[in-house]
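Here's a quick tour of some ring chemistry and one helix crossing. Have the viewer open while you read.

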Amino acid sequence: MKILNYTIEFKNQIVSVISTILQKKYNIDKIDPGLLKFEIPPDTNMGHIALACFPFAKLLKNAPQKIAQELSKNWLESIYFKTVEANGPYLNFFFSPTYLKQFLLKDCLESPEYGKSNLGAGKTIMVEYSSPNTNKPLHLGHGRNNLLGMVVSNLLEQLDYQVVKTCLVNDRGIHICKSMYAYQKYGNAETPESTGLKGDKLVGKYYVIYDQKEKENPDIAEDIKQMLRDWEDGDTEVRNLWEKLNGWVLEGFNHTYQRMGAVFDRLYFESETYTGGREAILEAYKAGICEKEPNGAISIDLEDVKLGKKILLRGDGTSMYITQDINTTINKFANYDLDYNLYVVGNEQENHFKVLFSILKKFGYKWADRCEHVSYGMVNLPDGKMKSREGTVVDFDDLMDSMKALAADELKERYSANENKHQIENLDNTAEAIAQSAIKYFILKTNLNKDITFNPKESLSFDGATGPYLQYTHARICSLLNKSTTAIELKEDVNPYEWNEEEIKLLVGLVRFPDAIQQSALDRNPAILCTYIYELCRTFNKFYYEHQILKIECVQTRDNRLLICKAVKAVLGKTLNIFGIEALTRM
RNA sequence: GCACCCGUAGCUCAGCUGGAUAGAGCGUCUGUUUGCGGAACAGAAGGCCAUGGGUUCGAAUCCCUUCGGGUGUACCA
């Protein structure tokens, strides 16, 4: 298993010591730090961390086994390591008790900064996510998007980036007119209040109705086009209707966002940006970057980057999807002094973003290279794709509701089955927190480039590698710490303490935490942190099962175990926080 | 047609910047609790890492072939 590519304090020491030894021995100039590949040995008895010596073999023209031997023999004393030994082609390191306790545990317990780094210090990064259409409610696909946007933002903040979270609201266009049209014709002046429906649900209902009506009478498609023209002309009646319905939808979205914990620093509305972009394109045309088509459309040749030809303005002079995206991106860099600009959007738009970034580059914007599409796979159902119009979507509000109901049932059952157990004071909040964690972890744990198959019956369990498992581990530790009658403080060991295998595994897990965050953030992939924290919890639960803590006689052992518990709790709590999952103290 | 992505245990997924014996969860079978939360822990069974080749001391991992699945390829958004 490979690890430790980033800022770990002891890494620098290893690099410099090894370089010195090899330079002296083999009389070479410099060792490329990239050759030093750290790993976690398969078994803690072999070592706590390891360095593979294969890469040196070629350079030094010697067997990796021999090199490992030489390195171990010439290793210098270090505060970080107790022993360093060669094992075949590997150089294995065992952490010193001093490092584990006075450095690692101390950091975990006392430093709110543990896990963070300053890779992004002084840099601003924008994360655009969610970007919904205001004609129908949010479904599970949006759920994945929102969660990725939120968590990637949180991860970047751990690296000390200044993060600007934005949402581009697609609030105009032909698809918006469809629900408006159906509402106007068949709506009977319904309102969220009169129907008791959430605003986005009400409008979504008419989006579906429109589709049915169009199947009965395809001619109404013309009415929609007219409606869009009226909207663009500022027709009062159409505009009023639009404002009313959009207001309802956005109100509905806000409830969903709030419930799942999505927040935005800045909203961009397509209705305000869609006319822009023309000037930039016409300017580029004047500069000879774009061409004019026979019918007057403006196009750009992207053949050199194998993206063909792209129309930027239609023959009738109207804007396109890409036109307003050009405009919005220019605005973003004008509004904020951005170092990076991320778009969390599904992989079906990969081509669109390649085109967009290429265009901006050709237009001469130096920041074009700092734009990045965070692409992810789709969410499918066991029997295929989700389709709004065919009613096969998993509505995100409904999903949260049903998960909450399941969690509440579970809590009641567990409570009545164990009368001696603690009482859940706030069943409603707890059920909500458990439901949230089940959904969030389920979605986040899958790598970005993979599609997710969502099987409602099987996917959202509370057992195994799930959000509730993580919460359970946290609650268990809290319960344990509460029962401790002595203060849990970090003290220097009077007698040397030998950590057992499970304890060492936990400590090595804690060492990896900053690395897991950095890798997760730099890859824009929360799944890495998901895997990490699940493994840490599994290691903890095994440790907990195998060893007594509070009731063990040896005070030193008890205190050291409690320290580990507290440290795991700290790291677990931070991670859950990054995921937007409540770290329950009871459940 | 072309481009990109995916193919690892019955199912859902880790592992992929090449390295020590390919790992988890669910499901199936079997154990563990007077010890602090059993939403836990352990064991068994289950793999030609889609296929065929190549590079390498070494390939699930990199390159190419084939097959299977997905997405994109608009003067739609």
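What follows covers a helix contact, then aromatic pairs, then an arginine over rings.

## The model

Keep in mind that we're looking at a predicted model.

## Helices α5 and α22

Start with α5 (residues 140-158) and α22 (residues 555-579): their axes come within 8 Å and cross at roughly 130°. Angles over 145 degrees would count as roughly antiparallel, so at this crossing α5 is oblique to α22.

Who does the touching? On the α5 side the contact is made by Val-151, Asn-154, Leu-155 and Gln-158, and on the α22 side by Asn-577, Ile-578 and Phe-579. Sorted by character, the contact residues of α5 and α22 come out as four nonpolar and three polar, with no charged ones.

## Aromatic pairs

How many aromatic pairs does the structure hold? The count is 35. One to pull up is Tyr-343 with Phe-357, a tilted pair with 5.8 Å centre to centre and 45° between the planes.

Tyr-343 sits in strand β11 (residues 340-346) and Phe-357 in helix α14 (residues 350-362), so this pair ties together parts that are 14 residues apart in sequence. Buried or exposed, Tyr-343 and Phe-357? Both are buried.

There's also a cluster worth selecting: Phe-10, Trp-75, Tyr-80, Phe-81, Phe-93, Phe-95, Tyr-99 and Phe-103 form one aromatic cluster.

## Arg-239 and its tryptophans

Now zoom to Arg-239. Its charged end sits over the ring of Trp-231, 3.9 Å from the ring centre. The charged end of Arg-239 also sits over the ring of Trp-242, at 5.4 Å from that centre.

Note on methods: Residues are numbered from 1 along each chain as its sequence is written. Chains are lettered from A and ligands numbered from 1 in the order in which they are written. This is a predicted model: local features need pLDDT of at least 70, side-chain atom pairs count only at pLDDT 80 or more; totals for chains, interfaces and linings use all residues. Side-chain values use heavy atoms; hydrogens and water are left out. Axes are lines fitted to C-alpha atoms, for helices over the stretch in contact, and angles run from 0 to 180 degrees between N-to-C directions. Helices (H or I, at least four residues) and strands (E, at least two) are DSSP runs, numbered from the N terminus. Angles under 35 degrees count as roughly parallel, over 145 as roughly antiparallel, 65 to 115 as roughly perpendicular and the rest as oblique. Contact means heavy atoms within 4.5 Å. Ala, Val, Leu, Ile, Met, Phe, Trp, Tyr, Cys and Pro count as nonpolar, Asp, Glu, Lys and Arg as charged, and the others, Gly among them, as polar. Rings of Phe, Tyr and Trp (its six-membered ring) pair if their centres lie within 6.5 Å; planes under 30 degrees apart count as stacked, over 60 as edge-to-face and the rest as tilted. Buried means under 20% relative accessible area, exposed over 50%, partly exposed in between (1.4 Å probe, protein chains only). A charge sits over a ring if NZ of Lys or CZ of Arg is within 6 Å of the ring centre and within 35 degrees of the ring normal.
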